[in-house]
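The exercises below ask you to read a structure step by step, each with a worked solution. Please keep the sequence and the model in view as you work.

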Amino acid sequence: MSFLSLLLLIGCSERPDRRRAAAASAPQEFTETRTPVSHFRTAYPESRQAVTGDLSAGVPAAALSPLSSQRREALTPLIDALALSENIDPLLVHAVISQESRYNPRALSPVGAGGLMQMMPGTAARFGLTSAERFEPHKNIRAGIRYLKVLTRLFGGHLDLILAGYNAGEGAVLKYGRQIPPYKETQQYVRRVKGYYALYREQARHRQLRTMMAQVEESRRRVRAPTRQNGRSDSITSERATGAESP
């Protein structure tokens, strides 16, 4: 009886190990899961903190040519609306999208980043998106904006570190002592995004100046118009008073 009991004990003790070994050797099926909304709201709450866009600090911005396309024109109202609703400069979001995807919603990088703001599946999951939802423009843009805001809080609004974190991950920036990681791609990325940002801000200033000049000209025109009319009326009144009115 003692021998049989020993055999039973050995058999029972081996079964869990065998099951674990079989499970380890079996092919693993990846099942994509969505991050619960409650977790998302707790970990990444909405914030009214504005992203600072100081281009004077850090690495210099790259000199770039304007990027214009029909896709950009079509997506601009959506991008601007989402950015303003999250209290972030729309021009910064445009700069990131220009570098990441050139406004192609179906863009997919060799390493698996997808959509307008090139969200990796793991990063998208942090903000409640499935891998497929990364290619839906409004979801991709909002998740990308909220990631920028997480990086803004983490790095105190330092634009270079925000962009470096977006490209290489916040872990890489922290690993190198809150400096741009020594990756050629990341260093070039920061300069190029800052270049697009500087370019779009300059274009916005020019548009604002043209609008102001047009408003000033319109105000001058409105001021001059009543003066001419009053001058004509005074002339007619004077002619009538002196009897010099033409028949």
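**Exercise 1.** Find the residues that D160 is in contact with, leaving aside its neighbours within four places in sequence, and then describe the surroundings of D160.

*Solution.* Contact here means heavy atoms within 4.5 Å, and on that basis D160 touches A57, G58, V59, I180, V190 and K194 once its neighbours within four places in sequence are set aside. The model is a predicted one, in which local features need pLDDT of at least 70 and side-chain atom pairs count only at pLDDT 80 or more, while totals for chains, interfaces and linings use all residues. Residues are numbered from 1 along each chain as its sequence is written, and side-chain values use heavy atoms, with hydrogens and water left out.

Next, place the residue: D160 belongs to helix α7, where helices (H or I, at least four residues) and strands (E, at least two) are DSSP runs numbered from the N terminus. D160 counts as buried because its relative accessibility is 3%, given that buried means under 20% relative accessible area, exposed over 50% and partly exposed in between (1.4 Å probe, protein chains only).

Finally, look at two of the listed partners. The side chain of D160 makes a polar contact of 2.8 Å with the side chain of K194, and a polar atom of the D160 side chain lies 2.7 Å from the backbone nitrogen of V59. A polar contact is a pair of N or O atoms within 3.5 Å; within protein, one must be able to donate a hydrogen and the other to accept it, and residues adjacent in sequence count only if both atoms are side-chain atoms.

**Exercise 2.** Work out how many residues of α4 are buried, and examine the helix from its start to the residue just after it.

*Solution.* Of the 11 residues of α4, 10 are buried, so that the helix is mostly covered; among them are L91, H94, V96 and E100. At the start of α4, a side-chain oxygen of D89 comes to within 3.0 Å of the backbone nitrogen of L91, and just after the helix R102 takes a positive phi of about 50 degrees.

Now take V96, which lies in α4 and is buried, with a relative accessible area of 0%. Leaving aside neighbours within four places in sequence, V96 is in contact with M117, L148, L163, Y166, Y189 and V193. V96 and K194 are 98 residues apart in sequence, yet their C-alpha atoms are 8.7 Å apart in space.

**Exercise 3.** Determine how many aromatic pairs a search of the whole structure finds, and classify the pair formed by Y176 and Y183.

*Solution.* The search finds four aromatic pairs. Rings of Phe, Tyr and Trp (its six-membered ring) pair if their centres lie within 6.5 Å, and planes under 30 degrees apart count as stacked, over 60 as edge-to-face and the rest as tilted. The ring centres of Y176 and Y183 are 6.0 Å apart with planes at 90 degrees, so this pair is edge-to-face. Y176 is partly exposed, with a relative accessible area of 33%, and Y183 is partly exposed at 33% relative accessibility. Elsewhere, ring pairs link F127, Y147 and Y166 into a cluster.

**Exercise 4.** Describe the chain as a whole, starting with how many helices and strands it has.

*Solution.* The chain has nine helices and zero strands. Of its 247 residues, 35% count as buried. Among contacts in the chain with a separation of 6 or more, 59% join residues 24 or more positions apart.
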